[in-house]
Amino acid sequence: RMSAAIEQGHDEILRLVQHGDESRPPRPSAVDASQRLTVLDGGCRCGELTVHGYAQAERLGIKLRELYGAVEPEFLQTRTTHVARCVLSLRGVLSTLVKKQTQKVQIPALTCHASDEWLTPSVRGCPRLGELWAQLKKDNAGYIRTLLQPLTKKMPEQIQDIYKLPNTAIPLKDVLISRRGNALSMPWGIDDEFISAVDNAAAEEVTKLVGSPNNDKASLLLLQLVAGRLVHDIRSHLFQQVTRSEHRHPTIRLISAHDTTILPLLVALGIYDNRWPPFCACCTIELYKNKHDHEFYVRVCYNGATSAHIAAEAGYFYVAKSILPFQEFIALLENIVLTEDEYQAACTTGNTSTSHSPISSSPTDLSNNEKEEGIVKEENNTTFIPPPTHTKKKYVLNE
């Protein structure tokens, strides 16, 4: 019912708008239409967010509020894929993050039709990516089967066929993690050790399809096709904030997407922890301005690796990439960034010319400023994050 209200424009918190034409509502979700054809035994349809999942999103909003304070709607930008579970996850976060208003305020959330979406990899929109994935799956098939063979012994043969075992771990991982996340019993005598093994196997399997910024050209091309446009979007918005003439109030930009958004981004940022992002995994990219010399800095935080148990929702935030001068952070992204035109060219020919002109920036020692403002606090060898006081822009991506 909540999802229908959002689609019809009647929700009290969120209003979907079409990216590129904010004057009209988005077209119906092709992904939801396909998934909702399957009705599960409990009444929920395939791919829908559960009540438990919505509660996790609300708790994530509380965590973000503790870090950054209650956010006024006017200082908030939102983006989501047009998939009901992502839209509802965004709504759950907003319900606890946004400062309570005396009057009804609908927060606009930009979205795209599935055919135009760039927050997730698309083999339909990028034939070159489909070719690369097909070859990688063929090349790694023997390794994946060897990895999964010991796990399949607990599974009935009929079930092995349904979940395409031992050729892939991902469909089985999705089912087991969802059941564990919703406190449902496990079939076939499966225990947490088995779930952890399947989860790790799936993470290793998908990592081979993401690429790397530090390996050969083929691996870099793969990462560009998977995450290049997302990284370009983040980079562009960071530049917009740095070049603004005034910074009267911190702004938060929220992006609600998928595990296949978070994982490639972690790889691109050099902070991937070799674990599949848990439910409500969230990566924050914070832009700071030194109040003494007005230079900009970036810090990245993540909450995915701190889950106490497999399939539990993400835990506390920690510093995944320590504070860096703005230009140094941008340099980490330069080889990965693809504009839309570069992406289209790379998808058909494999060419990836990415020549960008970053603005100039000089390094500044922020050590005194960090101590003064209490940006990070070391405790028990784990970096905890008290609320920053001078963050000018935060990009928060969650699954």
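## A tour from one helix pair outwards

Start by selecting residues 127-152, helix α5, together with residues 192-207, helix α8: their axes lie 10 Å apart and the two helices pack at an angle of about 175°. Angles over 145 degrees count as roughly antiparallel, and α5 and α8 are therefore roughly antiparallel to each other. Keep in mind as you look around that this is a predicted model.

Now show the side chains where the two helices meet. On α5, pick Y143, I144, L147, L148 and L151. On α8, the partners are F194, A197, V198, A201, E204 and E205. Try colouring this set by residue class: nine are nonpolar, two are charged and none is polar.

Next, move to helix α4, residues 84-97. How far apart are its end C-alpha atoms? They are 20 Å apart, which agrees with the 20 Å that 14 residues should span at 1.5 Å a residue. Bring back the rest of the protein around α4 and look at its surroundings: 13 of its 14 residues are buried, so α4 is largely enclosed by the rest of the structure.

Finally, select everything. The whole protein holds 13 helices and ten strands. Of its 399 residues, 51% are buried. Switch on a surface if you like: the accessible area is about 19100 Å², and carbon and sulfur atoms account for 50% of that. For a last view, draw the contacts between residues at least 6 apart in sequence; 72% of these join residues at least 24 apart.

How values were computed: Residues are numbered from 1 along each chain as its sequence is written. This is a predicted model: local features need pLDDT of at least 70, side-chain atom pairs count only at pLDDT 80 or more; totals for chains, interfaces and linings use all residues. Side-chain values use heavy atoms; hydrogens and water are left out. Helices (H or I, at least four residues) and strands (E, at least two) are DSSP runs, numbered from the N terminus. Buried means under 20% relative accessible area, exposed over 50%, partly exposed in between (1.4 Å probe, protein chains only). Contact means heavy atoms within 4.5 Å. Accessible areas come from the Shrake-Rupley method with a 1.4 Å probe; for residues, only the protein chains shown count as cover. Axes are lines fitted to C-alpha atoms, for helices over the stretch in contact, and angles run from 0 to 180 degrees between N-to-C directions. Angles under 35 degrees count as roughly parallel, over 145 as roughly antiparallel, 65 to 115 as roughly perpendicular and the rest as oblique. Ala, Val, Leu, Ile, Met, Phe, Trp, Tyr, Cys and Pro count as nonpolar, Asp, Glu, Lys and Arg as charged, and the others, Gly among them, as polar. The expected span of a helix is 1.5 Å times one less than its number of residues.
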